[in-house]
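Biologist: Please show me the model, and then let us go through its packing with care, one question at a time.

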Amino acid sequence: MDVYYFTEMPYAEFPESEAEKYPSMRLTFPNTYFDPAKAHDLFKRYLDEYQYAEEVGFDGLMINEHHNTPSCMDVEVNISGGILARITSKVKILMLGNMLPTSDNPVRLAEEIAMLDVISGGRIVSGFVRGIGIESWANNTNPVYNRERFEECHDLIIKAWTTPGPFRWEGKHYQYRAVNPWMLPIQKPHPPIHVGGMSAAAHQRAVAHGNGWYGFFLDPDATQAALKGLEEAAKRVERPGELGSLEITITPPGPVDADTARRFEDMGVDRLVVMRSFEDMGPRADAQAKDRVMRFLEDTAVELKLS
């Protein structure tokens, strides 16, 4: 079982009491609290953490994106993925992920992910997500068509990677006279596609279209329940043979010791994505937070025998 490291890259430079003055930290928390100079230092810290995770033996790194919130400064996984592709050399880069329904240009997304795969030497694991509801507000897209846009965008990206161009695409939400991306991925037929979600529909989507499924903040019991949901989905939809076995990736809540990791591995989890406690990522973080995260990476590597 592989072990990856993940941080939300939050902006943690304001009193926690300020957040309580507004309905939500997402969308409505004023950006007047944002200081680009402090964000500059935070980005250096988070990228240092990712580099160090590779140095101490982690198998991969995970990144995500959110918008209009201090809880995640990463607003574009294809940018942060490009940075990690250049400053690391061995680890896989799991992007969870590109929000397909909020994208107006699937072909551009296909090009960007392919470019990352080329720069990294074939280390990209491409996560496709629908995005939480707030992302539709932040990106000015109609949530009524969220699932439709996800599915059409997914299909167009896969076709752009696997079908020689130029070809024409006439869909409900996307139309192109000529699809002919010059940039194509190293991995064939394309980088692995991972999707998430806990609903029955999400499980069916993973079985029918994904190389892998991802669950966030799941303990072993919740993971077992999700695996049962995926088993039920496999009875209802056909899985194409070329997809192979469905890989399972889990982010557990909190640090993971060897016994807990063994429980996940025994139930068939292929990849654990660990993250440091929220105390070192949220408004309560202090000047020593980076040191604690670095020690966490070292201790996890020793506990799980990564190096």
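Modeller: Before the questions begin, one term has to be clear: a crossing of two helices is left-handed if the near helix is turned anticlockwise from the far one by less than a right angle, and right-handed if it is turned clockwise. Please also keep in mind that this is a predicted model.

Biologist: With that term in hand, is the crossing in which helix 7 passes helix 8 left-handed or right-handed?

Modeller: Helix 7 covers residues 200–209 and helix 8 covers residues 220–236, and their axes come within 8 Å and cross at roughly 65 degrees. Angles of 65 to 115 degrees count as roughly perpendicular, and helix 7 and helix 8 are therefore roughly perpendicular to each other. As for the hand, the crossing in which helix 7 passes helix 8 is right-handed.

Biologist: How many residues of the contact of helix 7 with helix 8 are nonpolar?

Modeller: On the side of helix 7 the contact involves A200, H203, Q204, A206 and V207, and these meet A226, G229, L230, A233, A234 and R236 of helix 8. Divided by class, the contact has one charged and three polar residues, while the number of nonpolar residues is seven.

Biologist: Which strand is joined to strand 1 by four bridges?

Modeller: In this model eight strands close into a barrel with parallel pairing, and their order is 1-2-3-4-7-8-9-10. Neighbouring strands of this sheet are turned against each other, on average and with direction ignored, by 25 degrees. Within strand 1 (residues 2–6), Y5 stands opposite V274. The parallel partner that four bridges join to strand 1 covers residues 271–274 and is strand 10.

Biologist: About what angle does helix 4 make with strand 4?

Modeller: Helix 4, residues 106–120, lies across two strands, namely strand 3 (92–99) and strand 4 (124–129), and the angle at which it runs to strand 4 is about 155 degrees. Helix 6 (residues 146–162) also packs on the sheet, where it touches strand 4 and strand 7 (193–196), and its direction makes with that of strand 4 an angle of about 155 degrees.

Biologist: Which residues of helix 3 make the contact with helix 2?

Modeller: The axes of helix 2 (residues 36–56) and helix 3 (residues 77–87) come within 11 Å and cross at roughly 45 degrees, which makes helix 2 oblique to helix 3. Their crossing is right-handed. Helix 2 brings L47, Y50, Q51 and E54 to the contact, and the residues from helix 3 are I83, L84 and I87.

Biologist: What kind of aromatic pair do Y5 and Y50 form?

Modeller: A pair of aromatic rings is described by the distance of the centres and the angle of the planes. The structure holds 11 aromatic pairs, and in the one formed by Y5 and Y50 the centres are 5.6 Å apart, with 65 degrees between the planes. This pair links distant parts of the chain, since Y5 is in strand 1 and Y50 is in helix 2, 45 residues apart. Planes over 60 degrees apart count as edge-to-face, and the pair of Y5 and Y50 is edge-to-face.

Biologist: Is helix 3 roughly parallel or roughly perpendicular to helix 4?

Modeller: Helix 3 and helix 4 pack with their axes 9 Å apart and at an angle of about 10 degrees. Angles under 35 degrees count as roughly parallel, so the term for the direction of helix 3 relative to helix 4 is roughly parallel.

Biologist: Which residue stands opposite W169 in strand 6?

Modeller: Strand 5 (residues 167–170) and strand 6 (residues 175–179) pair in the antiparallel sense over three bridges. Together they form a hairpin, with four residues between the two strands. Opposite W169, the residue that stands in strand 6 is Y176.

Biologist: In which loop is the place of P166?

Modeller: P166 follows G165 through a cis peptide bond, whose omega is near 0 degrees. A cis peptide bond also leads from K188 to P189, with omega near 5 degrees, and P189 lies in the loop between strand 6 and strand 7. P166, for its part, has its place in the loop between helix 6 and strand 5.

Definitions and conventions
Residues are numbered from 1 along each chain as its sequence is written. This is a predicted model: local features need pLDDT of at least 70, side-chain atom pairs count only at pLDDT 80 or more; totals for chains, interfaces and linings use all residues. Side-chain values use heavy atoms; hydrogens and water are left out. Axes are lines fitted to C-alpha atoms, for helices over the stretch in contact, and angles run from 0 to 180 degrees between N-to-C directions. Angles under 35 degrees count as roughly parallel, over 145 as roughly antiparallel, 65 to 115 as roughly perpendicular and the rest as oblique. Contact means heavy atoms within 4.5 Å. Ala, Val, Leu, Ile, Met, Phe, Trp, Tyr, Cys and Pro count as nonpolar, Asp, Glu, Lys and Arg as charged, and the others, Gly among them, as polar. Two strands pair if DSSP finds at least two bridges between them. Rings of Phe, Tyr and Trp (its six-membered ring) pair if their centres lie within 6.5 Å; planes under 30 degrees apart count as stacked, over 60 as edge-to-face and the rest as tilted.
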